[in-house]
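Subject: Structure handover

Hello,

I am passing on the structure below, followed by notes on what was found in it. Please read them with the structure open.

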Amino acid sequence: MTDGEGVLRWGVIGTGGIAHSFLEAMQETPTGRVTAVGSRSAGRAREFADAWGIPVSHGGYAELARDEGVDAVYVATPHPGHHPHTLTCLDAGKHVLVEKPMAMNALQVAEMVAVARSRGRFLMEAMWTRYLPAYRLARDLVADGMIGRLCSLSAEFGISVPFDPDHRLFNTELGGGALLDLGVYPLALATDFLGELTVVGATRQLSPDRMVDTHTTVLARGEGGVSATLSCASRSTMPGRAVLVGTEGWLELDRTWAPTEVAVHRDGREPEVFHRPYRGNGYVHEVEEVARRVAEGRTQSPDMPWSESLRLARLMDLVRDVGGFVDEGAEAVAG
Ligand SMILES: NC(=O)c1ccc[n+]([C@@H]2O[C@H](COP(=O)([O-])OP(=O)(O)OC[C@H]3O[C@@H](n4cnc5c(N)ncnc54)[C@H](OP(=O)(O)O)[C@@H]3O)[C@@H](O)[C@H]2O)c1
């Protein structure tokens, strides 16, 4: 399904921060154009449409899903909306790119996958990192044995956001918590390189109101005892690196979620640094992946298949199960 000239017609659900970034990315690619936007408010939809020159606006998500001028929908609402809004779109026959995390838990992800499968529609979690040039290079280098056999991995993503119980990151009704929003990146990196992981332990710090995690660290084990230390924070800036250690050296990505540089340190050799910037704000790479796979008649992306989103959601469920929230330390000082 395209406009007849091979251009994918996109609809966008939600008009927040990432929806604007998506539109910015769409300016960089000839593979698609945004033909409609849906908002909970007709006024906001119109405003967004005017700002980006989008021909059609809808004051409701179901209306957007039913729009016959749309082939694929980008779901850009807070996490709890990912499951219901994706189902609405799939049921209406649309392909879907849904923001990370794919849903609130593995049960919801499984249902989304089942519906995509039964409807024969493309569905992908917007794990944009996997399509970035530096990340892909790192993957190739590790697969080619550049650092020998992989032994351990550490990755992190932390940003410092002032505590505000109404903010998406701290509000349970909006899917708050560092793990789901930020931890998803180091965890996705670990599942990509290590496959199935066993959670050995997890520690957490909670928000001052004790409602969500603000700092989480996970120790996990892959096949053969390969270890992964994965951290995230919503109240502290972290260096953000990912380090993969092998039997013959180590490789570092400058940023776990959006790398532009790969440094390879092989035993006994000078380090090599590869610069691989992404295009624009980086989201164009995943957008083009969707267009490519839809054109091929596929329902999944081989680099972020349904099985991987399921694995990731299960892993996050497990991390949350490991300690529970009750006994863990809250930040002493609010603000
Ligand atoms: N891939 C990335 O790099 C990246 C970066 C940031 C965020 N994200 C993901 O994108 C999603 C949205 O994040 P965001 O930062 O864009 O959030 P945001 O700025 O708060 O925007 C979310 C939008 O969703 C709609 N919405 C629907 N139900 C809502 C509710 N109950 N409360 C608030 N808004 C609601 C709103 O649009 P209308 O009212 O107009 O319908 C709102 O503008 C999250 O799941 C997040 O994980 C991904």
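Is Trp-306 buried or exposed? The model is a predicted one, and in it Trp-306 has 21 C-beta neighbours inside 10 Å, so this residue counts as buried. The cut-off for a buried residue is 20 or more such neighbours. Trp-306 sits in helix α9, which covers residues 306-323. Leaving aside residues up to four places away in sequence, Trp-306 touches Val-113, Leu-123 and Gln-300. Thr-260 is 46 residues from Trp-306 along the chain, and 26 Å separate the C-alpha atoms of the two.

The chain as a whole

The protein chain contains nine helices and 14 strands. Its C-alpha trace spans about 55 × 45 × 35 Å along the principal axes. A compact globule of 335 residues would have a radius of gyration near 20 Å, and the chain has 20 Å, so the two agree. Of the 335 residues, 47% are buried. Taking contacts between residues at least 6 apart in sequence, 67% join residues that are at least 24 apart.

Two domains

The chain is divided into domain 1 (8-126) and domain 2 (130-279 + 314-323). The centres of domain 1 and domain 2, taken over C-alpha atoms, are 27 Å apart. Contact between them involves nine residues of domain 1 and nine residues of domain 2. On the side of domain 1 that touches domain 2, five residues are nonpolar, two are polar and two are charged.

The ligand

Where does the ligand lie with respect to domain 1 and domain 2? Both domains give residues to the shell around the ligand, so the ligand lies between them. There are 22 residues around the ligand, and those that come nearest are Gly-14, Thr-15, Gly-16, Ile-18 and Ser-39. Two elements, α1 (17-26) and α4 (79-91), give two or more residues to this shell. The largest share, three residues, comes from α1. Sorted by class, the shell has seven nonpolar, nine polar and six charged residues.

Helix α1

Apart from its part in the ligand shell, α1 has buried residues of its own: Ala-19, Phe-22, Leu-23, Ala-25 and Met-26. Seen down the axis of α1, these fall within an arc of 160°, so they line one face of the helix. The elements that cover the buried residues of α1 include the strands β1 (8-13), β2 (32-38) and β4 (72-75), together with the helices α2 (42-52) and α8 (284-295).

Helix α6

Which residues of helix α6 (residues 133-143) are buried? They are Ala-134, Tyr-135, Ala-138 and Val-142. Down the axis of α6, the buried residues fall within an arc of 100°, so they too line one face of their helix. Asp-140 and Ala-143, on the other side of α6, are exposed. The cover over the buried residues of α6 includes the helix α7 (178-194) and several strands, namely β7 (150-158), β11 (242-246), β12 (249-253) and β13 (261-266). Just after α6 comes Gly-145, with a positive phi of about 80°.

To go through the model, one order is to begin with Trp-306 in helix α9, then turn to the ligand between domain 1 and domain 2, and then look at the buried residues of α6 that line one face of the helix.

Regards

Conventions. Residues numbered from 1 in each chain as written. Predicted model: local features only at pLDDT ≥ 70, side-chain atom pairs only at ≥ 80, totals over all residues. Near = placed C-beta within 6 Å. Helix = DSSP H or I, 4+ residues; strand = E, 2+ residues; numbered from the N terminus. Nonpolar A, V, L, I, M, F, W, Y, C, P; charged D, E, K, R; others polar. Domains from an automatic or database assignment. Buried ≥ 20, exposed ≤ 12 C-beta atoms within 10 Å, placed from the backbone. Contact = placed C-beta atoms within 7 Å. Rg over C-alpha atoms; globule rule 2.2 N^0.38 Å. Arc of directions from axis to C-beta.
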